Amino acid sequence: ATVEFARSLRQAPAVGAYRAAQAALVADQGAKALMAELRHLQQAFIETQQRGETPAPDAMDALRLCQADVRANEVIMAHLRATSEVKAFLPGVASEVSRALGTDYARLIAPTSC
């Protein structure tokens with residue numbers, strides 16, 4: 001039953017779209033470099049603000065341009081859409097698993113503390 005469930009889950013449109021988008025992102029060196037640049041610029045922006053400083057205008061411009069480049073990148077945007085869709089899909093899967101088990105699946109897999 002577990003193997004069949006995994007096969008069914010893998011064939012779900014939202015999961016298939018996510019897997020395809022993830023593979024496309026991994027294969028696209030330009031998209032990966034763009035995301036790395038965005039993370040770097042965002043981190044520099046945050047660190048500047050945490051020091052109580054105002055980011056320089058050229059740093060702000062670089063961040064805005066990078067954000068625009070990310071929004072214009074089809075591979076990145078397809079990955080973000082697919083990620084959102086699979087996140088919306090998975091709670092329904094958890095509900096189905098909970099019904100099949102007769103207990104709250106989310107509670108069963110939730111991390112516990114000491």
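## Helices, faces and salt bridges

A nonpolar patch of about 310 Å² sits on the surface, and it is made by Leu-101, Leu-108 and Ile-109. Everything described here comes from a predicted model. Of the patch residues, Leu-101 belongs to helix 5, which covers residues 74-101.

Helix 3 comes next. This helix runs over residues 29-50 and has 22 residues. From its first C-alpha to its last it reaches 31 Å, close to the 32 Å expected at 1.5 Å a residue. Which residues of helix 3 are buried? They are Ala-31, Leu-34, Leu-38, Leu-41 and Thr-48. Looking down the axis of helix 3, these buried residues fall within an arc of 115°, so they line one face of the helix. Flip to the other side of helix 3, and Gln-29, His-40 and Gln-50 turn up as exposed. As for what the buried residues of helix 3 pack against, the partners are helix 2 (13-27), helix 4 (57-72) and helix 5.

Helix 4 can be read the same way. It has 16 residues, and its first and last C-alpha atoms are 22 Å apart, close to the 22 Å expected at 1.5 Å a residue. The buried residues in helix 4 are Leu-63, Cys-66 and Val-70. Seen down the axis of helix 4, they stay within an arc of 65°, so this set also lines one face of its helix. Over on the other side of helix 4, the exposed residues are Pro-57, Asp-58, Leu-65, Arg-71 and Ala-72. The buried residues of helix 4 pack against helix 3 and helix 5.

Between helix 3 and helix 4 there is a loop, and Pro-55 lies in it. Is Pro-55 buried or exposed? Its relative accessible area is 13%, and because buried means under 20%, Pro-55 counts as buried. Setting aside residues up to four places away in sequence, Pro-55 touches Phe-45, Thr-48, Gln-49 and Met-60. One of these, Thr-48, is also among the buried residues of helix 3. Pro-55 and Ala-36 are 19 residues apart along the chain, and their C-alpha atoms are separated by 19 Å.

Now for a look at where helix 5 meets other parts of the chain. His-79 has its place in helix 5. With a relative accessibility of 13%, His-79 counts as buried. What does His-79 contact, once its neighbours within four places in sequence are left aside? The list is Tyr-18, Ala-21, Gln-22 and Leu-25. Gln-22, for one, is found in helix 2. Gln-22 is partly exposed, at a relative accessible area of 28%. Gln-22 can also be compared with Glu-85: the two are 63 residues apart in sequence, yet 13 Å apart in space, C-alpha to C-alpha.

Last come the charged pairs. Side chains of opposite charge can pair when their charged atoms come close. How many salt bridges does the structure hold? There are 4, and three examples follow.

One of them joins Glu-4 and Arg-7, with their closest N and O atoms 3.9 Å apart. Both residues lie in helix 1 (residues 2-11), and they are 3 residues apart, about one turn of the helix. Glu-4 is partly exposed, with 45% relative accessible area, and Arg-7 is partly exposed too, at 48%.

Another links Asp-61 with Arg-64, where the closest N and O atoms are 3.7 Å apart. This pair lies in helix 4, again 3 residues apart, or about one turn of the helix. Asp-61 is partly exposed, with a relative accessible area of 41%, and Arg-64 is partly exposed as well, at 46%.

A further salt bridge is the one between Arg-99 and Glu-96, whose closest N and O atoms are 2.3 Å apart. Both of these residues lie in helix 5, 3 residues apart, about one turn of the helix. Arg-99 counts as exposed, at 58% relative accessibility, whereas Glu-96 is partly exposed, with a relative accessible area of 47%.

How values were computed:
Residues numbered from 1 in each chain as written. Predicted model: local features only at pLDDT ≥ 70, side-chain atom pairs only at ≥ 80, totals over all residues. Heavy atoms only, no water. Patch = residues over 30% accessible without salt bridge, like charges linked within 9 Å, V, L, I, M, F, W, Y side chains within 5 Å. Areas by Shrake-Rupley, 256 points an atom, 1.4 Å probe, with all protein chains shown as cover. Salt bridge = Lys/Arg side-chain N within 4 Å of Asp/Glu carboxyl O. Helix = DSSP H or I, 4+ residues; strand = E, 2+ residues; numbered from the N terminus. Expected span 1.5 Å × (residues − 1). Buried < 20%, exposed > 50% of the residue type's maximum accessible area, 1.4 Å probe, protein only. Arc of directions from axis to C-beta. Contact = heavy atoms within 4.5 Å.
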